[in-house]
Amino acid sequence: MENNVPNPNPELLTAKLLEADETIADEEFHHLNNPADGIKPIVKKYLGVPNHAKQVGNKIYFTDGDASVEVIVVTKEIIRVRLSPHSVFLEDFSYAVPQLPNKPVEFTLLETDLEFRVSTEAVNCHIRKADFFISFSDKDEHVTSTDAVPMHWEENTQFGGYYVFCTKTCYDKESFFGLGDKATELNLRGKRLKNWNTDAYSYSFNQDPLYRSIPFYISVNENIAHGIFFDNTFKAYFDFGAEDRTKTSFFADGGELQYYYIHGPHMMDVVKNYHLLTGTHPMPPLWALGYHQCRWSYYPENKVKVIANGFRQNRIPCDSIYLDIDYMDGYRCFTWSPKYFPNPKKMIAELASAGFKTVVIIDPGIRVDDNYWVFKEGKEKKYFCRRSDDYFMEGHVWPGRCQFPDFTNPEVRAWWGDLFDDLVETGVAGVWNDMNEPAVFGSGTFPDDVRHQYDGYRGSHRKAHNVYGMQMVRATYEGLRKQMKNKRPFTITRAGYSGVQRYSSVWTGDNVASWEHLKIGNIQLQRLSTSGISFCGTDIGGFSGEPDGELFTRWIQMGTFSPFMRAHSAGDTKEREPWSFGEPFTSINRKFIELRYRLIPYLYSAFWEHHRYGFPILRPVVMHEQGEVSNHFRQDEFTYGDKILICPVLDAGLQSRRVYLPKGKWYNWWTLEMVEGGKEHVVATPLDIMPIFVKAGSVIPEYPVMQYTGEREIEEVKLNIYYSDYEVNSFLFEDYGETFAYEQDIYLEKKFVVNGDAQRLTIKQTMEGLYTPRYEGYHFKVNGLPFAPTKILADGKEITEIAVNADKTYEFKFPKNFKHIEIIK
Ligand code: MIG
């Protein structure tokens, strides 16, 4: 094959890319830089000239005579591209995308003098004849993405396979988002990042890689967004104009060069289509949306009870308590310390009767101990990972010398899932998976040569490393789901790969009690949410180090609006409960945790929008207004669902701060003042206030404050209505909150439409679904009315009991099945 090298010197470019990365083996580095020293230089091969196109169903193959490119029309917005150096494609298998959407899509294949072109209703994929450049354009022929160098590869003489590279043009004003939990600015422009799951205790700003690998990014350029999902589990790199400001590259140490081009034009379309490929979170049990209290560790049993009592005595709502590694017997998974927890079933039952769910940690390392049944079974069944020369993969973690189940083996996953039967029987409601990068003391992780079954597709640890944690939590989730019958399990994991959201929530790992980390966490959660993982949270307060009362309270405030809300701290820190800092902190923490509980129906509805329709729960400002380039650099404000905008207070001693509001009208949650969006506002931020704004026209549902979800039967739901002079839709999702009945359509989806003018405000309700909530009525609170009402008509009947408040809000009640309310001047 002739190497076709259109770029003046792409060798050099790649050499530079490699040079900057210490993790590419030294030997190769040496080759690249000393091609004349007698060692055979690495040969980088480029796609040649496409001479041929062949269509097989929705797949089109192009070849230069030796190498081939496969283009699959997945949907009208999604095109998958795959390269094979010698035209032999691997069997299609992906942990991220269990199944490609398989609705037939209309497309055309066209050949001109210059190119081959695959077109759907929304996208064109161009394959240029001169040089095999692949580019994409929208239906107006506007090019959104184009190769800057043809796709290329290098043989890997040690493991087999290839190092694979794709380099695209990076446009002048192009911005980049996504990529999971990266602890850096929200906009990734100018960054070079790596995906390799890593236990990153006390990570710092810009430290990379961290715990998860999400090889998905979103580009926004000239108000058009597209996404690239590089579904490759090997150690992978992304360069967004860092090496060369005109180029964006993604490349990996092995596997196929395979990526999905996902067309926008809006970031939201890209995220929804990424979810179409990789799935969404299942509906969480309602209690998991409450406040969680964690610590390394609460033990013995009595300490756990003291903490639980502390919540009830302080009247601070809480739904769950976590048991970290010390609950086990010598850190052996699936055992209990007879000394600290002599009767776990009784303890868990007592906690449950006080409204607490118990969540326990489970690590992947299994202690090598022939008297320990889990080890014995795993050994007998050959379930532990082995090295390439067949000896077991051994490493030290908490229990001492350990072996590790190969979670990429479906039989091992089923076995692991069944191991939870005792824990479930004991009453455990949720499982926390830690150390599953996998982390090993000393060496960091497994050596590259460890073998994995990989669901029958075999591979070394190089291929399985980034999915190990995801497959562990998958085994956990599937096992729990089976054991808990029809109840929704709760799982949380530290490591993950794209698609992990189908099995778990995540937290951002071992952060630090510092203001800087509050800022990092704020960005990480927005980024996770736009990268497929909406059910996410940080260790509130910071895992290591000591927050003061102010930092802890500001963190609780932000955490109130994290889809997953949990305080956690390392074992060597001072007490870290919401009342540990005295007043005024305790009261403010209570006020915010209560707010969390009040807004549970709103969050739950946002969760449904996520689960069912693929919307992220947290949405950075750029997702609302991507056309405005200045918004590409805003990373403090975000919306929680689509109606509530939050701007956390991220510095000590701050009495006010600037908050940008997207265009439209907003209400200050605290003062009810109406403000115009499309600009920044200075907002007062005394310690008990965090800026919260509600979109005009919203209906925000609210539950009464309870000490835990389900403490009492809900008698009525409060609907906070915010006047608007244009039409706005809101949703409320309701169901049993703990079963999978929603999969059989047992739920209720309510839609509210609010619209007003100078004379009236109308609220309409429609609903769909098979569920009937038990409460009878709504308690309406109408905010921001520009007139004093003389009459309120509900389904034609006049409402006579109206409370008029000093702040010009109006309250009244009406049965929950209303269709039409009119508030008249
Ligand atoms: O080596 O289980 O990130 O949340 O408390 C430390 C003890 C292991 C790391 C987790 C942290 C957890 C801790 N774990």
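**View 1. Buried area between domain 2 and domain 3.** In this predicted model, domain 2 and domain 3 bury about 2500 Å² between them. Carbon and sulfur atoms give 67% of that area. Arg 554, Phe 561 and Tyr 602 supply 28% of the area that domain 2 buries against domain 3, and no other three residues supply more. The contact involves 30 residues on the side of domain 2 and 29 residues on the side of domain 3. Between the C-alpha centres of these two domains the distance is 29 Å.

**View 2. Polar and charged pairs between domain 2 and domain 3.** Two salt bridges are found across this interface. Lys 591 and Asp 688 form a salt bridge in which the closest N and O atoms are 3.7 Å apart. Polar contacts across the interface of domain 2 and domain 3 come to 15 residue pairs, with both residues at pLDDT 80 or more.

**View 3. Helices on the side of domain 2 that touches domain 3.** Four helices each supply at least two residues of this side: helix 10 (515-530), helix 11 (549-559), helix 12 (585-598) and helix 13 (600-613). Helix 10 gives the most, with nine residues. By residue class, the side of domain 2 that touches domain 3 has 16 nonpolar, eight polar and six charged residues.

**View 4. The division of the protein into domains.** Domain 1 covers residues 2-278, and domain 2 is made of the segments 286-364, 409-442 and 455-606. Domain 3 covers 618-694, and domain 4 covers 713-824.

**View 5. The annotated segment 69-239.** An unreviewed UniProt entry annotates residues 69-239 as "domain: Glycoside hydrolase family 31 N-terminal". In the model, this stretch of chain is 46% strand and 0% helix. The C-alpha atoms at the ends of the segment 69-239 are 23 Å apart.

**View 6. A salt bridge between Lys 44 and Glu 154.** The side chains of Lys 44 and Glu 154 form a salt bridge, with an N to O distance of 2.6 Å. Lys 44 belongs to strand 1 (residues 44-46) and Glu 154 to strand 10 (residues 143-155). The two residues are 110 residues apart, and the pair links distant parts of the chain. The count of salt bridges comes to 56.

Definitions and conventions: Residues are numbered from 1 along each chain as its sequence is written. This is a predicted model: local features need pLDDT of at least 70, side-chain atom pairs count only at pLDDT 80 or more; totals for chains, interfaces and linings use all residues. Side-chain values use heavy atoms; hydrogens and water are left out. Domain bounds come from an automatic or database domain assignment. Contact means heavy atoms within 4.5 Å. Buried area is the accessible area (1.4 Å probe) that two parts lose on being put together, summed over both. A salt bridge is a side-chain nitrogen of Lys or Arg within 4 Å of a carboxyl oxygen of Asp or Glu. A polar contact is a pair of N or O atoms within 3.5 Å; within protein, one must be able to donate a hydrogen and the other to accept it, and residues adjacent in sequence count only if both atoms are side-chain atoms. Ala, Val, Leu, Ile, Met, Phe, Trp, Tyr, Cys and Pro count as nonpolar, Asp, Glu, Lys and Arg as charged, and the others, Gly among them, as polar. UniProt positions are given in the numbering used here, feature names are shortened, and annotations may be inferred rather than shown by experiment.
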